Amino acid sequence: MGRLEEKVAFVTAAGGAIAGATARQFGEEGAAVACVDIVEENVKETAADIEAAGGKAIAITCDVTDEAAVKDAIDKTASTFGKLDIVFNAAAFPDPLLPLHELDLDIWRKTFDVNITGMFIVTKHAIPHMLEAGSGSFINISSIYGARSARKRPAYCSSKGAVRMLSKSIAVDYAEHNIRANSILPGPIETPRLLVANKNMDDVIERHRPHLPAARLGQPEEIAQTAVFLASDESSFMSGNDCFVDGAYNAL
Amino acid sequence: MGRLDGKVAFVTAAGGAIAGATARLFGAEGAAVCCVDIVEDNVGQTASDINEAGGKAIAIPCDVTDDDAIKAAVDKTVSEFGKLDVCFNAAAYSEKRHRLAEMPLDMWKSVIDVNLTGMFIVARHVIPEMQKAGGGSIINVSSIYGVVGAKERPAYCAAKGGVRMLSKSIAVDYAEDKIRANSIMPGPIETPRLLVRNPSIEAVIERHGTRLHQKRLGKPEEIAQTALFLASDESSFTSGADMVVDAAYTAF
Ligand SMILES: NC(=O)c1ccc[n+]([C@@H]2O[C@H](COP(=O)([O-])OP(=O)(O)OC[C@H]3O[C@@H](n4cnc5c(N)ncnc54)[C@H](O)[C@@H]3O)[C@@H](O)[C@H]2O)c1
Ligand SMILES: NC(=O)c1ccc[n+]([C@@H]2O[C@H](COP(=O)([O-])OP(=O)(O)OC[C@H]3O[C@@H](n4cnc5c(N)ncnc54)[C@H](O)[C@@H]3O)[C@@H](O)[C@H]2O)c1
């Protein structure tokens, strides 16, 4: 028996490292998964992996900032699988590393648009389906940089802080309908994304070393496992929480 | 396949509601469990429940503030089950409500001794065993009152805030030994304990009013499920975290 048997999940950024691992783990635990990403090839691959492993999945290519497309994607998920219970929100804009006064307003807007307004849009259209299903769980990917700052990432840090409070706001407003919302705050996770600003993974570890007491990066699967717990009924009294998965980064 | 197959757990307060439910769930998921509590009858009951359900358990009546007795209990666990890799710390003193100036010094000392120093004592004896085992997971039960204040409970709030930071300190210092440490912050959970300070469970619900967003108290099993996640290897990158299990109580 899978831990998410009978559940239907909508996973954004499912063509990426963390959400891809999460979508596959959800599939393995018995959920039917709608895999959503702006990059068609990658999201198709995630969905195909889930099906190849014996699970149920569809791939939907869509931009989380496009309200009409998101609404279609969510409605398609519910019509394909019969309902919607879980949303994993992880889309993020690969923002450049710049101090605030050198950051173009356009980049600031784009970062907020994808990282937080995208979540608002997905959530807005998912909630009616969850109200109909009688329960639901939102898992929103913030970051340790939603709780403490990183250098030269003013837009990323502020958008990830916003994710935390958005989750709490959803948690409070929809609790009476058995809809829960939690944030996951990953520490540095071994993903291709990190190589945008670093030469290699050893560099990343070196850079973060004072905050990585276990001297290693996290793996996408470790975020996925946390998401399974938050998606499942095992976490039925857990809502509005900031789930740090950071190898004690934020404890230092 | 249980999620804790092959693991050995040391559970304090296992005669009580929350740790009792946790010990039983650990047993059902395949761990061998050493059940510790100051009340002999209750802890014997928890261990026999686990054994009757087909699990492995022993009961050790012992006071967490007694350093020698805890050392002996840890040694007994290891000689019985071969090692020790999970520790769930939940012993707490049940004090009456007082504002600080009216609280007798002895009561303050009892609360700090059981709720905080007891966790230090247990940790100092389980850590060397976890080092020998090649890793481990320590789960300390704090409270939402380790994060926000409660009326007329100065010692409890101080102790539970202390527990929260104690976990982080262990997380940081022992990460290199692959020992993780996390806190759980339960919101109000339906347990006999609440009746020490309240006339009835209805009175508790009334007291917490609009902050009980699901319009109910939590159940001991919902804390147990969180502990299971933290005890298992699923949470391998989660350390130093505050797992708030309160249905958004403190998000509001
Ligand atoms: N990797 C880390 O160390 C780390 C740490 C903390 C937080 N996070 C967060 O985890 C999440 C996933 O990151 P990742 O490391 O897997 O990165 P990733 O780059 O592998 O994945 C991001 C995915 O989002 C997709 N995406 C971007 N814009 C989109 C849009 N408008 N609509 C739909 N999809 C869009 C991309 O195509 C990509 O597949 C992000 O929110 C990131 O901020 C990552
Ligand atoms: N019930 C709640 O609403 C709630 C909320 C937040 C936190 N907590 C915490 O959860 C933990 C468990 O509480 P519970 O609600 O199950 O209460 P409980 O009263 O059912 O359990 C507490 C247990 O601790 C044992 N104990 C007390 N002193 C001891 C000592 N010196 N040595 C060994 N054992 C001792 C008691 O015998 C009892 O079995 C406590 O740490 C409590 O502070 C409970």
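**Helices α4 and α5 and the strand between them**

In this predicted model, helix α4 (residues 105-133) of chain A lies against helix α5 (residues 154-174) of chain A. On the α4(A) side, the contacts come from Trp108(A), Thr111(A), Phe112(A), Asn115(A), Ile116(A), Met119(A), Phe120(A), Thr123(A), Ile127(A) and Leu131(A). Facing them in α5(A) are Pro154(A), Ala155(A), Tyr156(A), Ser158(A), Ser159(A), Lys160(A), Ala162(A), Val163(A), Leu166(A), Ile170(A) and Tyr174(A).

As for geometry, a packed pair of helices is described by the angle between the two axes and the distance between them. Here the axes of α4(A) and α5(A) are 9 Å apart and make an angle of about 15°. Angles under 35 degrees count as roughly parallel, so α4(A) and α5(A) run roughly parallel to each other. Their crossing is right-handed.

Both helices also belong to crossovers that involve strand β5 (residues 136-141) of chain A. A right-handed β-α-β unit is made by β4(A), α4(A) and β5(A). From β5(A) the chain then crosses through α5(A) to β6(A), in a β-α-β crossover that is right-handed.

Turning to the strands, β5(A) pairs in the parallel sense with strand β4 (residues 86-89) of chain A, over four bridges. In that pairing, Val87(A) has Phe138(A) of β5(A) as its bridge partner. Strand β6 (residues 179-186) of chain A pairs with β5(A) as well, again in the parallel sense, this time over six bridges. Opposite Ile139(A) in this pairing stands Asn182(A) of β6(A).

How well covered is β5(A)? Six of its six residues are buried, so the strand is largely enclosed by the rest of the structure. In a regular strand, side chains alternate between the two faces of the sheet. In β5(A), Gly136(A), Phe138(A) and Asn140(A) point one way, while Ser137(A), Ile139(A) and Ile141(A) point the other way, and all are buried.

Over in chain B, Asp85(B) sits in the loop between α3 (67-81) and β4 (86-89). Its relative accessibility is 9%, and with buried meaning under 20%, Asp85(B) counts as buried. Setting aside neighbours within four places in sequence, Asp85(B) is in contact with Gly6(B), Lys7(B) and Val8(B), and also with Met130(B), Gly135(B), Gly136(B) and Ser137(B). Thr12(B) lies 73 residues from Asp85(B) in sequence, and the C-alpha to C-alpha separation of the two is 14 Å.

Conventions. Residues numbered from 1 in each chain as written. Chains lettered and ligands numbered in written order. Predicted model: local features only at pLDDT ≥ 70, side-chain atom pairs only at ≥ 80, totals over all residues. Heavy atoms only, no water. Buried < 20%, exposed > 50% of the residue type's maximum accessible area, 1.4 Å probe, protein only. Helix = DSSP H or I, 4+ residues; strand = E, 2+ residues; numbered from the N terminus. Pairing = 2+ DSSP bridges. Right-handed = clockwise from strand over helix to strand, strands pointing away. Axes fitted to C-alpha atoms, helices over the stretch in contact; angles between N-to-C directions. Parallel < 35°, antiparallel > 145°, perpendicular 65-115°, else oblique. Left-handed = near helix turned anticlockwise from the far one by under 90°. Contact = heavy atoms within 4.5 Å.
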